[in-house]
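Thank you all for coming; I would like to walk slowly through one structure this morning. Please have the view open in front of you, and stop me whenever a term is unclear.

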Amino acid sequence: MNITQLLSQGDVLTKVVAILLLAMSVASWVVIFWKGWLLRRAAGDVGRRTAAFWQAADLAEGQAKVAAFDREALVLPLITATQFAAAGTLAGSGHKEQQLTRVLRDALHGVLHKLQFGQVLLATVGSTAPFV
């Protein structure tokens, strides 16, 4: 039995399952190719971003240079996070080391969220229908 016979002779449930499996397969391949493209671009830009940042004279110039190379906005949020909150706020009331740790951790979690996007879909599809 080929796919055309299955769809022509199958009931509604058969057709719905076939469409669902096709949609999961297409979504999985889109995420896989998008993630590969994103990670390849990010890995290629890391060296340029790092070198541009450390060759700058000050933080503002470093931020501007990184912005030119940070196509995926993976490093720029970390630099932006280091600009501390105004004094007199709860965010600015702790020690500088604690403030820096907190803001960098929060910015890093944002970057990781961007890099990990789509993994839930891939894990769900892989666990429910590994042959997709």
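Let me begin with a word I shall lean on: contact means heavy atoms within 4.5 Å. Please also keep in mind that what you see is a predicted model.

With that in hand, take helix α2, which runs over residues 12-54, and ask what its buried residues pack against. They pack against α3 (59-69), α5 and α6 (119-128). The buried residues themselves are Met24, Ser25, Ser28, Val31, Lys35, Leu38, Ala42, Asp45, Arg49 and Ala52. As a reminder about helices in general, an α-helix has 3.6 residues a turn, so residues three or four places apart point the same way.

One of those buried residues is worth a pause, namely Ser28 in helix α2, which counts as buried because its relative accessibility is 7%, and the cut-off for buried is under 20%. If we leave aside residues up to four places away in sequence, Ser28 touches Leu121, Leu122 and Val125.

How does the length of α2 compare with what its 43 residues should span? At 1.5 Å a residue the expected span is 63 Å, and the end C-alpha atoms are 62 Å apart, so the two agree. I would add, for care, that α2 bends by about 35° at Asp45, and Asp45 is also among the buried residues of this helix.

Now to the partner α5, residues 96-116, whose axis comes within 10 Å of the axis of α2 and crosses it at roughly 135°. The two helices are therefore oblique to each other. On the α2 side the contact is made by Trp34, Lys35, Leu38 and Leu39, while α5 contributes Lys114, Leu115 and Gln116. Sorted by class, this contact has four nonpolar, one polar and two charged residues.

Staying with α5, we find Gly110 in this helix, and Gly110 is partly exposed, with a relative accessible area of 42%. Its C-alpha atom is separated by 9.3 Å from that of Leu78, although Gly110 and Leu78 are 32 residues apart along the chain.

Finally, let me turn to a loop. Most residues other than glycine have a negative phi. Ala73, however, has a phi near 55°, a positive value in a residue other than glycine. Ala73 is found in the loop between α3 and α4 (76-81), where it is partly exposed, with a relative accessible area of 30%.

Methods:
Residues numbered from 1 in each chain as written. Predicted model: local features only at pLDDT ≥ 70, side-chain atom pairs only at ≥ 80, totals over all residues. Heavy atoms only, no water. Axes fitted to C-alpha atoms, helices over the stretch in contact; angles between N-to-C directions. Helix = DSSP H or I, 4+ residues; strand = E, 2+ residues; numbered from the N terminus. Parallel < 35°, antiparallel > 145°, perpendicular 65-115°, else oblique. Nonpolar A, V, L, I, M, F, W, Y, C, P; charged D, E, K, R; others polar. Expected span 1.5 Å × (residues − 1). Bend = angle between axes of the 7 residues up to and from the residue. Buried < 20%, exposed > 50% of the residue type's maximum accessible area, 1.4 Å probe, protein only.
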